[in-house]
Amino acid sequence: MAACKVKPVQPTEIKDRKILHDVIAEIRRKPTAAAKKRHKEQEEDLMRLLKK
């Protein structure tokens, strides 16, 4: 297996204020009830698989 050199990630500079506000709003948005239910079911499935 060959080793590969990983380049460091450079931060992205966002110059458009509208894009910046949209990104921040998406980060702060609360998950919907459907998303919470789906995540809970996935977590239960994972825990069931890990117990076996």
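This section describes the overall form, the surface and the salt bridges of a predicted model.

The secondary structure of the chain consists of 2 helices and 0 strands. Helix H1 spans residues 17–28, and helix H2 covers residues 33–51. Along the principal axes, the C-alpha atoms occupy a box of roughly 50 × 45 × 10 Å. The radius of gyration of the chain is 19 Å, whereas a value near 10 Å would be expected for a compact globule of 52 residues.

Burial was examined next. Of the 52 residues in the chain, 2% are buried. The exposed area of the chain amounts to about 6,000 Å², and 59% of this area is supplied by carbon and sulfur atoms. On the surface, a nonpolar patch of about 490 Å² is formed by Ile14, Ile19, Leu20, Val23, Ile24 and Ile27. One of these residues, Ile19, is located in helix H1. The relative accessibility of Ile19 is 43%, and this residue is therefore classed as partly exposed, since the category lies between the limits of 20% for buried and 50% for exposed residues. The value for Ile19 also satisfies the requirement that patch residues have over 30% relative accessible area.

The charged groups of the chain comprise 15 positive and 8 negative charges, and the mean positions of the two sets are 3 Å apart. Across the whole structure, 2 salt bridges were found.

In helix H1, a salt bridge joins the side chains of Lys18 and Asp22, with an N to O distance of 3.5 Å. These two residues are separated by about one helical turn, because Lys18 and Asp22 stand 4 residues apart in helix H1. Lys18 has a relative accessible area of 58% and is exposed, while Asp22, at 42%, is partly exposed. The two partners thus fall on either side of the 50% limit above which a residue counts as exposed.

A salt bridge is also formed in helix H2, where Asp45 pairs with Arg48. The closest N and O atoms of Asp45 and Arg48 are 3.1 Å apart. Both residues belong to helix H2 and lie 3 residues apart, about one turn of the helix. Asp45 has a relative accessible area of 37% and is partly exposed. Arg48 likewise counts as partly exposed, with a relative accessibility of 47%.

How values were computed:
Residues are numbered from 1 along each chain as its sequence is written. This is a predicted model: local features need pLDDT of at least 70, side-chain atom pairs count only at pLDDT 80 or more; totals for chains, interfaces and linings use all residues. Side-chain values use heavy atoms; hydrogens and water are left out. Patches are made of residues with over 30% relative accessible area and no salt bridge: like charges are joined within 9 Å, nonpolar side chains (Val, Leu, Ile, Met, Phe, Trp, Tyr) within 5 Å. Accessible areas come from the Shrake-Rupley method with a 1.4 Å probe; for residues, only the protein chains shown count as cover. A salt bridge is a side-chain nitrogen of Lys or Arg within 4 Å of a carboxyl oxygen of Asp or Glu. Buried means under 20% relative accessible area, exposed over 50%, partly exposed in between (1.4 Å probe, protein chains only). The radius of gyration is taken over C-alpha atoms; the globule rule is 2.2 Å times the number of residues to the power 0.38. Lys and Arg count as positive and Asp and Glu as negative; His and the chain ends are not counted. The place of a charge is taken as NZ of Lys, CZ of Arg, CG of Asp or CD of Glu.
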